Amino acid sequence: MGNQNRQRRSAKKQKADRRREQARFGDFDLFGKAQNLAVEALEHLACPDTEACGGRGARALGVLVDETRGVGWCRAVDTVLFGLHMDVLGKKCWPDGWQPADLARVADRELGAAARRGVTDMMAAELRRYAPTSIDDAWHDQLAELQAAVWWSTDAEYVRESAAARRTTRSATVELLVRMLRLLDALPAVEVLTPLPGAAHGTGGSSAGSGSAVDEKLLARVRALLAKAEGTNYEAEAETFTAAAQAMMARHNIDEAMLRSRQSAGRSGRFAGDGPGGIRLGVDNPYAEPKAILLQQVAEANRCRTVWSRDLGFSTVIGFRSDTAWVSLLYTSLLLQASTAMARAGTKTSKSGVSRTRAFRASFLESFAVRIGERLRDTTAHAQEDAVTANGPDLLPVLASQERAVEDEVSRIFPDISRSVRSGRRWDLEGWHAGRAAADLADLARGNAIGDGAA
């Protein structure tokens, strides 16, 4: 009996304390309710309206977006949702291996362009907590590409100002934030490719140290060649321009390898200042498998390796920074060129009138990928032969050593995974030959001549 009395007195005291806190802090209870409802929405939003969940997620979301509950309620909801995003990014997404470009891509893929913008805003807000030099340079590059910046006046005003800037309602903005939270919180862990924010030793995003380690003038020339390849209606011209760009970058990246070797002279272990690392590139449907094969071919022609994460819609490219930057640029261009050539081939039907367009296009892309890989490797081999002639045989052990460093990095990040993408598709013979022809029409020697003189 005495114990029960003590429990009753303790419960009364707790209630009295809560009443005093509410009287003192005003909206304290609103923030607690908003927090609980947000958690309930996250837990049950995807649940169908059955007896198991009874539509609890939808009801919780309905209360969160309800503006008739007053300004205090709206302020509490907005603040809670913003804070939850900071928590899920800093405590889950970053430690689980996700990088800014990854999260922007998955938000766009799953929820659309508005979610991509929203996630980019949340990442800009979370990463401002760290000194710029404690964020990896690759992250600075990704944030710059995403144009991530804190543009709103205060965090408490983000929802209202975002709705106004993007010409939508507060209700739609709150719902999007909840769905973004649910997406981010449900992401599986992936491999950690770079030091986490707060633990990196970068340049703070300065132009001197960030970027792809490729001279901007050279990049401009290479991009101009790829733009010509993408813009022509003739496969032979496209291949010529692409081969020229590959030759230029192969020569540059061989020079980079020699420079890294000289910088690491006298040191043991990883290469000084610029060891191999990884980037992730989106590889989505339709035709994800031949796209992954294309990326694998491009990467291997440039001394990189790939691992395809089919379910997550990306491949990880492992290599030195200048090499992986070029792989990303070239893959994007070749995918556009292949898609354009494939579209010109039109639709296909069997003799019985059944569509075989999908099989034709899958075979086209895979054949294109295999043949492009062969030709890119030939171009790289010619550039290497020229470099050996110019620099002497000491170049070969340097390149071999750096290839071993890439393989070691792959084994470190992915110790138990197979890296080859093997096709399991039914082939379409016409599509296979058409794809190979699209990649096999140009003379690579002409490409080298154009590359040497491009402006």
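**Entry 1: the loop after β1**

I began at Pro 286, which lies in the loop between β1 and α12 (288-300). I was working from a predicted model, and I looked up the peptide bond before this proline: Asn 285 and Pro 286 are joined by a cis bond, with omega at about 0°. I then moved to Tyr 287, which is found in the loop between β1 and α12 as well, and noted that its phi is near 65°, a positive value in a residue other than glycine. Is Tyr 287 buried or exposed? I found a relative accessibility of 9%, so Tyr 287 counts as buried, the cut-off being under 20%.

**Entry 2: the sheet**

I followed β1 into the sheet, where 3 strands are arranged in the order β1-β3-β2 as an open sheet with antiparallel pairing. I noted that β1 and β2 stand at the edges and have a single partner strand each, so one side of each lacks a neighbour in the sheet. From one strand to the next the twist averages 25°.

I went through the pairings in turn. Strand β1 (residues 277-282) is joined to β3 by 6 bridges, and the two run antiparallel; strand β2 (residues 305-309) pairs with β3 over 5 bridges, also in the antiparallel sense. Phe 314 of β3 is the bridge partner of Gly 282, and Phe 314 is likewise the bridge partner of Ser 309. I also recorded that Arg 305 stands opposite Ile 318 in β3. In the hairpin of β2 and β3, with 4 residues between the strands, I noted that Gly 313 takes a positive phi near 75°.

**Entry 3: what surrounds β3**

How many residues of strand β3 (residues 314-319) are buried? I counted 6 of the 6, so the strand is largely enclosed by the rest of the structure. Both faces share in this: Phe 314, Thr 316 and Ile 318 point one way, Ser 315, Val 317 and Gly 319 point the other way, and all are buried.

I then looked for helices against the sheet. α12 packs on it, touching β1, β2 and β3, and its direction makes about 165° with that of β2. Helix α15 (residues 395-413) lies across β1, β2 and β3 and runs at about 135° to β3.

**Entry 4: α10 against α13**

I next took helix α10 (residues 216-231) and helix α13 (residues 321-344), whose axes come within 9 Å and cross at roughly 15°. The two helices are therefore roughly parallel to each other, the cut-off being an angle under 35 degrees. I noted the crossing of α10 past α13 as right-handed. Which residues meet between them? From α10 I listed Leu 219, Val 222, Arg 223, Leu 226, Ala 229 and Glu 230, which meet Trp 326, Leu 329, Leu 330, Ser 333, Leu 336 and Gln 337 in α13.

Still on α13, I looked at Ala 343, which is found in this helix and counts as partly exposed at 48% relative accessibility. Ala 343 and Arg 361 are 18 residues apart in sequence, and I found their C-alpha atoms 8.7 Å apart in space.

**Entry 5: the nonpolar cores**

I turned to the largest nonpolar core, which has 50 residues, and found that Leu 64, Leu 81, Leu 89, Trp 94, Leu 103 and Met 123 touch the most other members. The elements giving two or more residues to this core include α2 (28-44), α3 (56-64), α5 (100-111) and α9 (170-186), while α4 gives the most, with 11 residues. I looked more closely at Trp 94: leaving aside neighbours within four places in sequence, its contacts include Leu 89, Pro 100, Leu 103, Met 123, Tyr 130, Trp 139 and Pro 197. I also noted a second, separate core of 42 residues, which includes Leu 225, Met 248, Tyr 287 and Leu 365.

**Entry 6: Arg 167 and the whole chain**

I looked up Arg 167, found in the loop between α8 and α9, where phi is near 55°, a positive value in a residue other than glycine. Arg 167 is exposed, with a relative accessible area of 81%.

I closed with the chain as a whole, which has 17 helices and 3 strands. Of its 455 residues, 47% count as buried. Among contacts between residues at least 6 apart in sequence, I noted that 76% join residues at least 24 apart.

Note on methods. Residues are numbered from 1 along each chain as its sequence is written. This is a predicted model: local features need pLDDT of at least 70, side-chain atom pairs count only at pLDDT 80 or more; totals for chains, interfaces and linings use all residues. Side-chain values use heavy atoms; hydrogens and water are left out. A nonpolar core is a set of buried Ala, Val, Leu, Ile, Met, Phe, Trp, Tyr and Cys residues joined through side-chain atoms within 4.5 Å. Buried means under 20% relative accessible area, exposed over 50%, partly exposed in between (1.4 Å probe, protein chains only). Contact means heavy atoms within 4.5 Å. Two strands pair if DSSP finds at least two bridges between them. Axes are lines fitted to C-alpha atoms, for helices over the stretch in contact, and angles run from 0 to 180 degrees between N-to-C directions. Angles under 35 degrees count as roughly parallel, over 145 as roughly antiparallel, 65 to 115 as roughly perpendicular and the rest as oblique. A crossing is left-handed if the near helix is turned anticlockwise from the far one by less than a right angle, and right-handed if clockwise.
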